[in-house]
Structures are given as structure tokens and as C-alpha cells.
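Student: I'd like to learn how to read a protein model. Could you walk me through one, feature by feature?

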2 protein chains.
Amino acid sequence: MPLSSQNQDSPMISELRQDIVTGDWVVIAKARAQKPESFKKEEEASSKFSTSECVFCHPEETGQKKDTLIYYRDDGEWSLRVFPNKFPAFERQSNTVRHWTEGPYFGMEGVGYHEVIVTRSHQRTYGEMTVEEVAELVDAFRTRYLDLMKRKSVKYIMIIHNHGKNAGASQPHPHCQLFAIPVISPGIELELKGTENYYKSNKECAFCTMVNWELKEKKRVVFENDSFIVITPFASRSAFELWIIPKKHSPYFERITQREEWDFGEAIQKAMKKLFLGLNDPAINFYLHTSPCDGRDYDHYHWHLEILPRTSIWAGFEMATGVEVSTILPEEAARFLKKQN
Amino acid sequence: MPLSSQNQDSPMISELRQDIVTGDWVVIAKARAQKPESFKKEEEASSKFSTSECVFCHPEETGQKKDTLIYYRDDGEWSLRVFPNKFPAFERQSNTVRHWTEGPYFGMEGVGYHEVIVTRSHQRTYGEMTVEEVAELVDAFRTRYLDLMKRKSVKYIMIIHNHGKNAGASQPHPHCQLFAIPVISPGIELELKGTENYYKSNKECAFCTMVNWELKEKKRVVFENDSFIVITPFASRSAFELWIIPKKHSPYFERITQREEWDFGEAIQKAMKKLFLGLNDPAINFYLHTSPCDGRDYDHYHWHLEILPRTSIWAGFEMATGVEVSTILPEEAARFLKKQN
């Protein structure tokens with residue numbers, strides 16, 4: 001059967017799809033196919049204990065460290081705060097990073113910054129907030145990024161969000177974490193190499209290619225505005241995975257304009273709302289993928305946000321490959337999420 | 001401070017360690033340090049429902065497919081069975097793999113094999129079995145491997161074990177799964193490239209270097225016999241991670257001798273027993289890392305087994321990097337596990 005002749009309607013029991021950026025393959029097992037509704041989280045006793053016990057509702061009273069950034073509402077109350085993590089994975093702040101060896105091995109001191117970004121509302125997830133609130137969160141990302149990227153020891157800044165126990169969140173109060181670290185994270189290295197190779201072979205950015213194709217095809221586009229599209233990627237690693245990608249080529253998140261901040265805030269809010277409604281407030285991780293801040297050029301890269309709902313526990317296959325055996329087609333997931341408003 | 005002058009006793013709050021094979025960095029957060037005992041799994045209601053309800057205790061009565069391999073005990077009862085997975089991720093068996101494209105994307109039919117390897121005992125985990133029983137399991141790995149590697153569409157054979165709900169096991173009865181697939185798994189690709197680069201730079205296998213260093217240093221060796229060592233790797237990705245590595249350079253698992261099968265069985269049994277005793281029957285994934293069977297030479301590679309206890313839920317940082325922020329030093333984990341017998 002000639003290349004290209006297959007489509008979704010073919011009787012393939014399972015299919016492999018290649019990630020255009022990294023070259024990795026993902027698996028979609030149709031023999032195990034599930035309806036979108038079957039991924040809904042079951043009702044559980046609320047883990048949102050009262051605001052009076054919450055360490056993030058009253059940071060000044062619960063031993064949090066001094067704010068590094070704070071936003072206020074019109075009524076003078078705070079709306080967003082950023083402060084160092086009380087139990088940091090990276091702490092010592094220094095311009096120099098001590099290296100060490102042990103026989104054939106290399107080690108490095110964990111110099112860096114680990115901050116928490118807390119929005120005011122204890123109850124409302126990002127999908128339930130206003131666009132204005134989420135756009136302010138994006139502004140905090142950019143502001144902290146611009147400050148930390150200047151530090152000499154910082155080579156990469158990771159911004160992540162964990163929501164729900166099954167996504168590893170230790171606090172129910174919505175928050176993000178920022179890690180400014182002296183090495184480039186392995187997942188990003190793969191994407192940097194992948195986009196570089198793609199550019200060399202195709203004289204085009206892999207993400208721009210993706211954006212153009214998805215805007216033409218529409219079947220995996222869940223939401224779009226002037227600056228961003230939200231898609232279920234062709235090679236989704238997990239059910240209902242969503243990527244938010246700037247429409248125009250942009251290697252560096254921190255160069256986002258004010259207008260784009262609003263549009264990015266809207267895209268996050270819509271994506272999170274659709275997952276919240278469609279999957280009944282599932283556990284979620286998201287992380288910003290952007291160029292390193294190590295002084296080199298990464299003009300071939302294209303920043304974006306990856307959102308991973310945690311609808312199943314990763315087993316050996318997933319731990320070994322980083323790929324879920326997904327039981328729903330990305331196109332079907334997109335159809336389902338598009339309807340959630 | 002000069003390179004090499006740091007050691008474990010230095011006051012580093014957290015440290016980064018580089019994986020000698022892939023070059024990836026892992027994090028050990030000492031500020032969050034925990035005692036080994038604190039990783040112990042809490043008691044929970046037994047999920048080992050009775051053997052009369054178990055789909056693997058009586059495969060012939062519970063709609064399992066026909067055995068592809070069966071071992072018998074001296075009394076004529078079966079001791080180990082291999083049969084196709086009832087809900088396969090890969091199923092259609094064919095010598096040709098259909099490819100397809102959609103615009104800039106590539107896809108491939110999920111041709112392959114997905115088998116279940118079931119040992120007889122419902123109650124006893126691999127750590128509680130005899131060496132003889134685990135060595136028989138290893139023999140089943142090899143036998144199925146040798147059969148499946150001959151199939152034209154099979155490029156890689158993954159053998160994995162999921163134990164416990166938090167490791168994604170759907171059945172409490174001890175079992176392994178085998179996936180024979182038409183692509184090389186992404187995690188293995190990284191190791192193949194890493195060992196190739198290491199060999200080019202150092203004229204030595206990265207795993208042989210590791211084995212020699214660990215045998216000399218001893219501080220991360222948890223168990224050894226004539227053919228294998230069990231270590232907590234220098235750059236452990238998660239707390240209490242264990243690797244079982246052949247002492248002599250061996251790229252291809254399937255060339256294991258009968259004597260080595262026994263020794264490998266003993267190493268698996270000991271490693272699993274130590275985790276069982278030390279961490280109170282934790283959820284565990286293990287997977288065999290071996291060379292692809294795509295007809296090429298991988299003489300620079302060195303097969304091994306990676307055992308990952310699932311003592312915490314992976315959050316955004318882990319999902320983004322594939323690395324746990326580990327709160328115990330591999331050397332301390334080794335000291336603790338060495339004592340468990």
C-alpha cells in the first residue's frame with residue numbers, strides 16, 4: 001500500500017505517530033479505545049481544605065519568605081505574590097557554580113532559584129479565573145524571567161504548574177513554580193536539537209510548520225485567538241494533551257508583548273477551562289518550553305506551553321519511553337474539547 | 001574552588017549529577033533530605049484479591065489467549081506461562097509495516113506483539129520467590145526474545161514489570177509484559193547515542209567504566225555475584241533506583257548464558273527483596289534495556305535492567321525533565337538497602 005494512502009478510517013488496530021520536533025514515536029492503541037467521557041475524573045472528597053489553614057492564602061502568617069514580586073488589586077488587596085519556595089530544590093544564590101568529580105562522574109552544586117507564584121483565589125483554578133487574572137499571571141512569569149535571566153549562573157528557567165494530587169501538587173491553592181537552574185533541562189535539549197535538525201533539513205521552523213498545517217486542517221485546533229493556537233498535538237504523548245503555540249515565530253518567551261500577554265492569558269484560561277469542564281477538574285501539569293538564557297542564540301526554536309492532564313498512572317511502558325499508550329485519538333480529543341465552553 | 005575538591009561532606013544544599021550515559025542532569029535536594037525509612041509505603045488494604053477471581057491464576061478459564069510458551073514443575077503443574085495480552089497495545093502481526101503521512105507528519109501502523117509473562121504464585125512478589133523461580137522468568141524472557149527478534153517488522157523488544165497500583169499495574173498477580181515493536185523506544189535511542197559518544201571520546205564503554213568504578217568504590221553497590229552488580233546509580237533519577245548490570249561487556253541480552261541466567265535471576269530476586277523489605281512492598285517498575293534487534297550492530301552498548309521504585313508522584317518538574325527531585329543520596333540509599341536481607 002503506497003505511502004500517504006492511509007487515513008483515520010483505516011482498520012489499523014493501533015498506530016504510531018512521530019513527533020515532528022524530537023523524532024520520538026508515540027502509540028495510539030485503538031483496540032483499547034475509550035470514549036472521551038470515560039477519562040472524566042471520578043468525584044472525590046474535596047481536598048481544598050479551608051482558606052484559614054492554607055499556607056498560600058496568608059503567606060505572611062505561615063512562615064513564607066519575603067515576596068520577590070507582588071501585584072495589587074484596585075481595592076489595595078494583593079492579587080498575586082511571588083516568593084522563594086520554603087523547601088527549595090535549588091537555593092544557594094551565587095554567580096559561580098562549583099563543579100566536582102568522583103572518578104568518571106561529574107557533579108555540580110545546585111545553585112539557583114526556586115520560587116512560588118501564587119494567585120489570590122484559593123478556590124478558583126486557572127480555568128475558572130478571568131482572562132485578566134491569568135494575563136497577570138503571565139505578566140508575573142515575564143517579570144521574574146527578565147530579572148532571573150540576568151544572573152550569571154542561570155542557564156535555564158522552568159515555569160511549571162501542578163494541579164491536583166495526581167499531578168504531584170502538595171497545596172490545593174492554585175500556584176506555579178519557577179526553577180532557575182545552571183543546566184538546560186534534558187527535555188528542552190531534545191527539542192532544541194530537534195528543531196535545529198528540522199530547520200537544517202526543511203529550511204523552516206518545525207513549530208511554524210505545525211502551526212500552519214493545523215490552522216489549515218482545523219481538526220486538532222481547540223481554540224485560537226490573534227496570537228496563539230491551542231491544539232491537541234498530532235503525536236500526543238498522553239490523552240487530551242494540549243499545546244499552546246504562538247502563531248508567529250518566537251524563540252524567546254520573555255520577549256512577549258503586552259498584547260500577547262493578554263492573548264496568552266486567554267489561551268491558558270480557555271484550555272484549562274475546557275479540560276476542567278470536559279474531564280471534571282482533572283489533575284494537570286503544565287510547563288513553559290522556551291529557549292535557554294545561557295547567552296547563546298536559539299533562533300530556530302519556538303517557545304510554547306505544554307499541558308498534560310494526568311488521566312492515568314504512568315506504568316513501566318510510559319516510564320521507559322515517556323509515552324502513554326494513548327487510548328483516544330488527538331482528533332477526537334480536540335472535537336470533544338472544542339465543545340466544552 | 002578547584003574542580004574535584006568537593007565531596008559529599010561539603011555544605012551543598014542541593015547538587016546536580018550528570019548521567020554518564022545520556023549526559024542528562026539529575027537533582028538531589030539535600031535541604032529536603034529525608035531518612036530512608038520515611039520512603040516506606042504506608043500500610044493499605046490489600047489489593048491482592050483472592051486467587052479464584054484472578055485472571056492470571058486460571059488463564060484458561062478467564063478468556064486469555066492461547067499460550068505461546070509454558071513451563072512445568074516436577075509435579076506436572078504449570079509454573080510459568082506466556083500468552084498474548086487480552087487488551088494489546090500492538091497486535092497485528094505482519095512482516096510489512098504500513099506507513100502514512102498527513103501533511104508534514106509521519107505515522108506508522110502499530111504492528112507488533114504484546115505478551116504477558118505470568119509466574120504461578122499469586123501472592124509472592126519476585127523478591128519473595130526462590131532464585132530458581134526468577135531464573136526461570138529470565139529464561140522465558142530470553143526464549144520469547146529469541147523467537148520474536150526474528151520477525152521482520154520487530155525492531156525493538158521491551159520487557160517490563162509493573163508492580164502495585166502506583167506503578168500502573170492493573171493486576172496484583174506478579175507478571176511481566178513484553179512489547180515487540182517496529183521502532184526503537186526514545187529512552188533507548190538516547191542511551192545508544194550516549195554510549196556511542198562516550199566510546200568515541202573515551203575508547204571505553206560507559207557502563208564498563210561505571211561497573212569498574214563501582215566495584216572499586218563499593219559505596220553504591222547493593223549486591224553482587226559472579227556475573228552482575230546491583231547499584232544505586234551515581235545520577236539516580238529517583239529515590240532508591242537500582243540498576244542491575246552485567247560485569248562483563250555485553251551489548252545483547254539474548255546472548256545470556258545459562259549460568260548468567262541464574263545469576264541474573266539471583267540479582268533480580270535480591271534487588272526486589274531489598275526494596276520489598278526496606279520500603280514495605282513499594283510500587284515498582286522495572287525494564288530491560290538492551291540493544292535493538294533491527295539487524296544493526298550495537299557493540300558499544302551494554303544491556304542492563306533498571307528498577308524504579310515509585311515512592312512519590314511525579315509532578316511538573318519530573319514530567320518536564322524525566323528527573324525526580326530526589327531527597328536521598330544514592331550512597332545513603334545503597335547503605336540502607338545493603339542491610340535489608
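Tutor: Happily! Let's begin with domains: their bounds come from an automatic or database domain assignment. In this predicted model, chain A is divided into domain 1 (64-181) and domain 2 (186-338). Their centres, taken over C-alpha atoms, are separated by 21 Å.

Student: Which elements give two or more residues to the side of domain 1 of chain A that touches domain 2 of chain A?

Tutor: They are helix H1 (131-148) and strand E8 (156-163) of chain A. H1(A) gives the largest share of that side, 10 residues. By type, the side of domain 1 has 18 nonpolar, seven polar and five charged residues.

Student: How many residues of chain B are in contact with chain A?

Tutor: There are 67 in chain B, in contact with 67 residues of chain A. The chain B side divides into 37 nonpolar, 21 polar and nine charged residues. Strands take part too: E1 (residues 14-18) of chain A and E6 (residues 105-109) of chain B run antiparallel, joined by three bridges. Within E6(B), Met108(B) is the bridge partner of Leu16(A).

Student: Now a helix, please. Why are the buried residues of H6(B) on the same side?

Tutor: A general idea helps here: an α-helix has 3.6 residues a turn, so residues three or four places apart point the same way. In helix H6 (residues 330-338) of chain B, the buried residues are Pro330(B), Ala333(B), Ala334(B), Phe336(B) and Leu337(B). They share one side of H6(B) because they cover an arc of only 165° around the axis. These buried residues pack against strand E10 (221-224) and helix H4 (258-279) of chain B.

Terms used: Residues numbered from 1 in each chain as written. Chains lettered and ligands numbered in written order. Predicted model: local features only at pLDDT ≥ 70, side-chain atom pairs only at ≥ 80, totals over all residues. Contact = placed C-beta atoms within 7 Å. Nonpolar A, V, L, I, M, F, W, Y, C, P; charged D, E, K, R; others polar. Pairing = 2+ DSSP bridges. Helix = DSSP H or I, 4+ residues; strand = E, 2+ residues; numbered from the N terminus. Buried ≥ 20, exposed ≤ 12 C-beta atoms within 10 Å, placed from the backbone. Arc of directions from axis to C-beta.
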